[in-house]
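Student: Could we go through this one and check each label against its definition?
Tutor: Sure, let's put it up.

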Amino acid sequence: EVQLVESGGGLVQPGGSLRLSCAASGFPFTWYDMTWVRQAPGKGIEWVSSITRQGDNVTYMDSVKGRFTISRDNAKALLYLQMNALKPEDSAVYSCANGNRHNFAERSRGQGTQVTVSS
């Protein structure tokens, strides 16, 4: 059974930082590109960032470029999202999925971790 468990969310002031983690199990982690998505209240799921199987190629949505960094530890089956210079509009539930930007909606996704950016 595929399991994706996110952690690291919380309440942070604008300009602050958080590091999200996603622990993966139940599938061969190194075979899959991985993706972070987010969903704000009343809005649809929004693609945030993806990383290829070996971590050699990463992509980001325009609004987080230069502020967020995706990475992975294949030995530990962990996916990360370092988020810096957070803005109120980054507030959402962040989830990881075992797919890429084009197919994540068809793949497994975790329950998510809440990120709230507010003063």
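Tutor: Start with Arg-72: the backbone oxygen of Tyr-32 lies 2.9 Å from a polar atom of the Arg-72 side chain. Bear in mind that this is a predicted model, where local features need pLDDT of at least 70, side-chain atom pairs count only at pLDDT 80 or more, and totals for chains, interfaces and linings use all residues. Residues are numbered from 1 along each chain as its sequence is written, and side-chain values use heavy atoms, leaving out hydrogens and water.

Student: What makes the link between the side chains of Arg-72 and Asn-74 a polar contact?
Tutor: A polar contact needs a pair of N or O atoms within 3.5 Å, one able to donate a hydrogen and the other to accept it (residues adjacent in sequence count only if both atoms are side-chain atoms). Arg-72 and Asn-74 are joined at 2.7 Å, so the pair qualifies.

Student: Why does Arg-72 have no salt bridge?
Tutor: A salt bridge puts a side-chain nitrogen of Lys or Arg within 4 Å of a carboxyl oxygen of Asp or Glu. The nearest side chain of opposite charge, Asp-33, is 5.3 Å away, so the criterion isn't met. Arg-72 is buried all the same, meaning under 20% relative accessible area with a 1.4 Å probe, protein chains only.

Student: How do you know what size a compact globule of 119 residues would have?
Tutor: The rule is 2.2 Å times the number of residues to the power 0.38, with the radius of gyration taken over C-alpha atoms. That puts a compact globule near 14 Å, and the protein chain has 13 Å, so the two agree.

Notes. Buried < 20%, exposed > 50% of the residue type's maximum accessible area, 1.4 Å probe, protein only. Lys, Arg positive; Asp, Glu negative; His and termini not counted.
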